[in-house]
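Reader: I have a chain on screen and want to learn how to read its strands and helices. Can you take me through it step by step?

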Amino acid sequence: MKPDIYNAIKYQARSNCELRQRSCVDCKADWQKVVRIKDHETNLGEFDVYFCRTCNLGFTDPHPTEETSGYLYEAKENSDFDIIRHSFIDKIKDFLGFRLIARLAPHKNIRAVLDYGTGNGRFAMSAAKVFPSARVDAVDYQVDPPQLLQIAATSSNQVNYCDAATFAEQHVNTKYDIIILRHVLEHTYHPVNLIKYLSERLDADGVIYVEVPNLDSGCAKIFGKYWKGYYVPRHIYHYTINSLKEIANLCELEVEIGRNEMPLMGNTISILTGADKSNTFVQGLGILLHPVQLAIEALYRSSTCINARYRRLKYKG
Ligand SMILES: [Zn+2]
């Protein structure tokens, strides 16, 4: 079913480069077509994914205009708003989340954590559990908090949700030890501006953790137009390790690159067969096939996700 709200989305061709912040006219010859892929989830049509070798960035073409992109998320039916169940998959996600967050801590005295682009709020809740004495701010574009954080707000005041506009007004001088952007930057229209903006809210020893799907992933090559990581048209940019390094240069930050895996075989099976991804059989098969994903990535010396830890430069000049 395609809600009417999607008819309000307008599309435009890519004409400027976000990383170089200028027109892409001069680099069009360097555009390499990666794949043509349809929106498997909400049937919004077919889109091309290109990689520009001049700009070191992949992009979806055409892409929803920034002004109308909010309609993509208003129905809250896409995977960014996955309903929290207490399934086996959710338990694995929580376990991986706890482990990741604990490893992110730049020091022992974590006072404030920001989960920017919190989605269903699950990761913000995990951060609150890992750092019980820290305040956790969760931000997204919706005015209303996700259900999970609504429930949390009534039981404690450790996790506070606010929308991005309110955050910009009220947290000008707040400093964070950890700022998390998990699977946010590929949805963001101006990733460089966003990282610059957040780095101003970073404590001197703090870290910004960015995680995105890897355009160079072996599974992306093998599964092609059935690969979940492209997720058009919601993913407007597609990153490689060089893209994440380029952002560090442009934002004058130090960067440490990492690789990580996200179990995506269940999603891939659902795209290949048309079966609902929340189907228990599909989820179970996804878990069983996770070693296949790992084997493919090992073969390609790659990973399904890449991450960057951005820190302030210790000494300038
Ligand atoms: Zn370009």
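Author: Start with one strand pair. S11 and S12 are joined by 6 bridges and run parallel. Bear in mind that this is a predicted model.

Reader: Which residue stands opposite Arg182 in that pairing?

Author: A register is read from facing residues. Here Arg182 faces Glu211 in S12.

Reader: What do S11, H6 and S12 make together?

Author: Read the path from strand to helix to strand, then its hand. These elements form a β-α-β unit, and it is right-handed. Helix H6 spans residues 191-199. H6 runs at about 155 degrees to S12. H6 also lies across strand S8 (112-116), strand S11 (176-182), S14 and strand S15 (305-312).

Reader: What is on the other side of the pairing, between S8 and S11?

Author: Again, count bridges and check direction. S8 and S11 are parallel, with 3 bridges. Val113 stands opposite Ile178 in S11.

Reader: How many residues of S11 are buried?

Author: Check burial strand by strand. For S11, 7 of its 7 residues are buried, so the strand counts as mostly covered.

Reader: What is the strand order of the whole sheet?

Author: List the strands by neighbour, not by sequence. The order is S10-S9-S8-S11-S12-S15-S14. That is an open sheet of 7 strands with mixed pairing.

Reader: Why is one side of S10 and of S14 left without a neighbour in the sheet?

Author: Look at the ends of the order. Strand S10 (159-163) and strand S14 (253-260) are at the edges, and each has a single partner strand, so one side of each has no neighbour in the sheet. As for twist, neighbouring strands of this sheet are turned by 20 degrees against each other on average, with direction ignored.

Reader: How does S9 pair with S10?

Author: In the parallel sense, over 5 bridges. Strand S9 covers residues 135-140. Val136 stands opposite Val159 in S10.

Reader: Which strands does H8 lie across?

Author: For a helix on a sheet, note the strands crossed and the angle. Helix H8 (residues 241-251) lies across S12, S14 and S15. Its angle to S14 is about 160 degrees.

Reader: Which residues have the most contacts inside the largest nonpolar core?

Author: They are Val113, Ala124, Ala127, Ile179 and Ile208, in a core of 71 residues. Helix H3 (residues 122-130) gives the largest share of this core, 6 residues.

Reader: What does Ile208 touch?

Author: Skip residues up to four places away in sequence. Ile208 then touches Ile179, Leu181, Ile195, Leu198, Ser199, Leu202 and Tyr310.

Reader: Now a contrast. Is Gln12 buried or exposed?

Author: Count C-beta atoms around the residue. Gln12 has 12 others within 10 Å, so it is exposed. Gln12 lies in strand S1 (residues 11-12). Its contacts, leaving out residues up to four places away in sequence, are Pro62, His63 and Thr65. Between the C-alpha atoms of Gln12 and Asn157 the separation is 42 Å.

Reader: What radius of gyration does the chain have, and what would a compact globule have?

Author: With 317 residues, a compact globule would be near 20 Å; the chain has 19 Å, which agrees. The C-alpha atoms fill a box of roughly 50 × 45 × 45 Å along the principal axes. Buried residues make up 38% of the chain.

Reader: How many helices and strands does the chain have?

Author: The tally is 11 helices and 15 strands. Finally, sort contacts by sequence separation. Of those between residues at least 6 apart, 70% join residues at least 24 apart.

Terms used
Residues numbered from 1 in each chain as written. Predicted model: local features only at pLDDT ≥ 70, side-chain atom pairs only at ≥ 80, totals over all residues. Pairing = 2+ DSSP bridges. Helix = DSSP H or I, 4+ residues; strand = E, 2+ residues; numbered from the N terminus. Axes fitted to C-alpha atoms, helices over the stretch in contact; angles between N-to-C directions. Contact = placed C-beta atoms within 7 Å. Buried ≥ 20, exposed ≤ 12 C-beta atoms within 10 Å, placed from the backbone. Right-handed = clockwise from strand over helix to strand, strands pointing away. Core = buried A, V, L, I, M, F, W, Y, C linked by C-beta atoms within 7 Å. Rg over C-alpha atoms; globule rule 2.2 N^0.38 Å.
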